Amino acid sequence: MNSSLQQVTSQEYKYGFVTDIESDSAPPGLSEDTIRFISAKKGEPDWLLAFRLKAYRHWLTMKEPAWANVHYEKPDFQKIVYYSAPKQKTPKYQSMAEVDPELIRTFEKLGVPLNEQKALAGVAVDVVFDSVSVTTTYKEKLSEVGIIFGSFSDAVREHPELVKKYLGSVVPFSDNFYAALNSAVFTDGSFCFIPKGVTCPMDLSTYFRINNKESGQFERTLIVAEEGASVNYLEGCTAPQFDTNQLHAAVVELVALDDASIKYSTVQNWYAGDKNGVGGIFNFVTKRGLCKGRNSKISWTQVETGSAITWKYPGCLLVGENSIGEFYSVALTNHQQQADTGTKMIHIGKNTKSTIISKGISAGNSSNSYRGLVKVMPKAEGARNFSQCDSMLIGAKCSANTFPYIEVQNKSAKVEHEATTSKIGEEQLFYFQQRGIPAEDAISMIINGFCKDVFRELPMEFAVEATKLLSLKLEGSVG
Amino acid sequence: MLSIRNLSAAINGNEVLRGINLEIKAGEVHALMGPNGSGKSTLGKVLAGHPTYKVTGGEVIFQGKDLFEMEPDERARAGVFLGFQHPIEVPGVSNASFLRLAYNKKAEAEGRDELDPLEFDDFIQEKIKVVKMDAAFLDRSLNEGFSGGEKKRNEILQMSVLEPTLAILDELDSGLDIDAMRVLGEAVNHQKSPKRALLLITHFPRILETVHPDQVHVLSSGRIVKSGGMELAMELEERGYDWLKAEAVGRG
């Protein structure tokens, strides 16, 4: 390894600052009382409290999963703060004028202006700070075409029938350990409903920020696209730099009815811990889409660059005939990061199709695993899957693994799996350098080439952001 | 332009070059020949700064500067070009964007204007004619799925884009059929200039019939054992390398 390969991966995390803001928090610890406290804080209806308590009681019977290829000290669930909200006079900001200027400055620093005049043109943003949604831009404008977009808590208050109908319908509370925990203690998140026949006129987005050192973030996102509706949804996340680990256990549920389409893109940049693996977010997330209707389509695109540990498998249940599930992923790990991520494509209906493109990049001492399940059920006549999983290693101390699981119960199904592992080694780098290209530019070009099939699925601004982010993350790792 | 003085180099502790002396002047074309394992390719890589080779003795002065004081990318921007024997494949990176970045890095170092993608396209369209390359190659991933001949053609294209002062072409002729060899030989001739020196590393004299070197050197066991003109290359074609090895041993 020449000296330039070592330099390209030790960029400082630029979102590591803490906002000094008074917060209204629950005491640490988890019990039925904590759950009642959260539910009361949010003024929830009884059915929702009952849902939470049922989930909690089930969670108590479950064990933390141990099958993932990650190693960490298990979180002490009694030390976590389950509710933390910036203190405010009114229960919910009615307008921007009431939002604490400190919060506005925080999000401006993060590149997410809350003021609609300054906001990204064509993107509506719901902003979640620790446990609550702070504000949502363009809410009024979207409601003119019947789109409901805003915080989960608002949706519970204003559209309880919709929330009740779809909550837990894709990820039941009993699904897994972290989904059960989330179902018991979730505090906020985004809710999005696109009515029949409506194409959402702008991209919708949620920005998640963990600020409190002791708090976990347990958000819940629910997106429903009715018949013929379509929406592009983007998710971004950052957290301050602490020397302790914070837990992020989210649940995201997507429902697409006949001819509907949902495209969900994530750029995950939670704090990853320092070079020695101290601190960082534990990112244990359950994301699933239900292609309920005929010809429906759900597409996941993720760029995973942050977190100390990532455990995440956005998947699709392909129930409707001719429905389509897609998963495009770039997962980059550096230093001591560990990622075990992939997807689940469950083919249930006839002629369902899925595509999986996964690109794993490992540098430093990190470990990066792709884990994917393609399952074709007996009635999924004519199901098709194509999977491609490529891994790239930078340096000699990192590792990459691929765990593909394929279960086919219908003879007419066609499942293809391709996998490659390559290395940015001396030879590739030397070739670029010999043409006058410095090592850092070379690595950035090689990585972007490697990820091209995924980046082209991202919305323009996100793609530019993701490209920059990968280069920054790798700065100093090549030498 | 290039003075190699008593150069020794090793890989994994094994000395591969054992005291090379070579002077190349601007405008000259030199051919470096020799059997497998004689150190020919090593010399090219050492001059270009490949990280696995360690210089163990001697010095190389390139245009008045100590070459070994410079990083590999600095050497390239200063005008050293190595045409690779086995160009590496880089998926997803288009040939055109790679070439443009390389061009612009050199332009930047020389204080010239960088070219935007449209300007570069005009520039490159002229260049590809010389190597008789299809424009479709520009949009393909760098060397990915290229045949042996296409890769070599691409190396010469890169050379004509970067316009180096010193071009070292490592076994340009290996894996080429006769027609391709002639096209590339002519493309190399096109690159001859009073300001440019060429060092051709090759096993076989055939390409030299097109390129006509001013001097031919034979390398054996890490030393230049004989130098001469084109007639030396022809003699090697007839007699092989063994007699030279014997001569070297007899002398040594």
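This tour moves through a predicted model, from chain A to chain B, saying at each stop what to select and what is found there.

**Stop 1: chain A as a whole**

Select chain A and show it as a cartoon, in which you can look for twelve helices and 23 strands. Of its 479 residues, 63% count as buried. If you consider the contacts in chain A between residues at least 6 apart in sequence, 84% of them join residues that are at least 24 apart.

**Stop 2: A:Met345 in its strand**

Now select A:Met345, whose place is in strand S18 of chain A, the run of residues 338-347. Is A:Met345 buried or exposed? With a relative accessible area of 0%, A:Met345 is buried, because a residue counts as buried when that value is under 20%.

Keep A:Met345 selected and add its contacts, leaving aside the neighbours within four places in sequence: among them are A:Cys316, A:Gly325, A:Glu326 and A:Phe327. The same list of contacts of A:Met345 also includes A:Ser354, A:Thr355 and A:Ile356, and further along the chain A:Leu373, A:Val374 and A:Lys375. To see how the chain returns to this place, add A:Gly372, which is 27 residues away from A:Met345 in sequence, while their C-alpha atoms are 8.1 Å apart in space.

**Stop 3: helices H9 and H10 of chain A**

Next select residues 439-450 of chain A, which form helix H10. How far apart are the end C-alpha atoms of this helix? They are 16 Å apart, which agrees with the 16 Å that twelve residues should span at 1.5 Å a residue. H10(A) is mostly covered, since nine of its twelve residues are buried. Among the buried residues you can pick out A:Ile447, A:Asn448, A:Gly449 and A:Phe450.

With H10(A) still in view, add helix H9 of chain A, which is made of residues 426-434. Two packed helices are described by the angle between their axes and by the distance between those axes. Here the angle between H9(A) and H10(A) is about 120°, and their axes are 9 Å apart. That angle makes H9(A) oblique to H10(A), and H9(A) passes H10(A) in a right-handed crossing.

Show the side chains where the two helices touch: from H9(A) come A:Gln428, A:Leu429, A:Phe432 and A:Gln433, and these meet A:Ala439, A:Ala442, A:Ile443, A:Met445 and A:Ile446 of H10(A). Sorted by class, the residues of this contact are seven nonpolar and two polar, with no charged ones.

**Stop 4: chain B as a whole**

Hide chain A and select chain B, which has ten helices and twelve strands. Buried residues make up 53% of its 252 residues. Among the contacts in chain B between residues at least 6 apart in sequence, 68% join residues at least 24 apart.

**Stop 5: B:Asn14 and B:Thr42**

Select B:Asn14, which has its place in strand S2 of chain B, residues 14-24. B:Asn14 is exposed, with a relative accessible area of 51%. Add B:Tyr53, which lies 39 residues from B:Asn14 along the chain, and you will find their C-alpha atoms separated by 9.8 Å.

B:Tyr53 also leads to the next residue to select, B:Thr42, since B:Thr42 is in contact with B:Val16, B:Leu17 and B:Tyr53 once its neighbours within four places in sequence are left aside. B:Thr42 sits in helix H1 of chain B, residues 40-48, and B:Thr42 is buried, with a relative accessible area of 8%.

**Stop 6: helices H6 and H7 of chain B**

For the last stop, select residues 148-162 of chain B, which are helix H6, together with residues 178-191, which are helix H7. The axes of the two helices come within 11 Å and cross at roughly 10°, and H6(B) and H7(B) are therefore roughly parallel to each other.

Which residues meet between these helices? B:Lys152, B:Arg153, B:Ile156, B:Met159 and B:Ser160 in H6(B) meet B:Ala180, B:Leu184, B:Ala187, B:Val188 and B:Gln191 in H7(B). By class, the residues of this contact divide into six nonpolar, two polar and two charged.

Finally, follow H6(B) by itself: its 15 residues reach 21 Å from the first C-alpha to the last, close to the 21 Å expected at 1.5 Å a residue. Twelve of the 15 residues are buried, so H6(B) is largely enclosed by the rest of the structure. The buried residues include B:Gly149, B:Lys151, B:Asn154 and B:Glu155. Just after H6(B), select B:Glu163, whose phi is positive, near 45°.

Terms used:
Residues numbered from 1 in each chain as written. Chains lettered and ligands numbered in written order. Predicted model: local features only at pLDDT ≥ 70, side-chain atom pairs only at ≥ 80, totals over all residues. Heavy atoms only, no water. Helix = DSSP H or I, 4+ residues; strand = E, 2+ residues; numbered from the N terminus. Expected span 1.5 Å × (residues − 1). Buried < 20%, exposed > 50% of the residue type's maximum accessible area, 1.4 Å probe, protein only. Axes fitted to C-alpha atoms, helices over the stretch in contact; angles between N-to-C directions. Parallel < 35°, antiparallel > 145°, perpendicular 65-115°, else oblique. Left-handed = near helix turned anticlockwise from the far one by under 90°. Contact = heavy atoms within 4.5 Å. Nonpolar A, V, L, I, M, F, W, Y, C, P; charged D, E, K, R; others polar.
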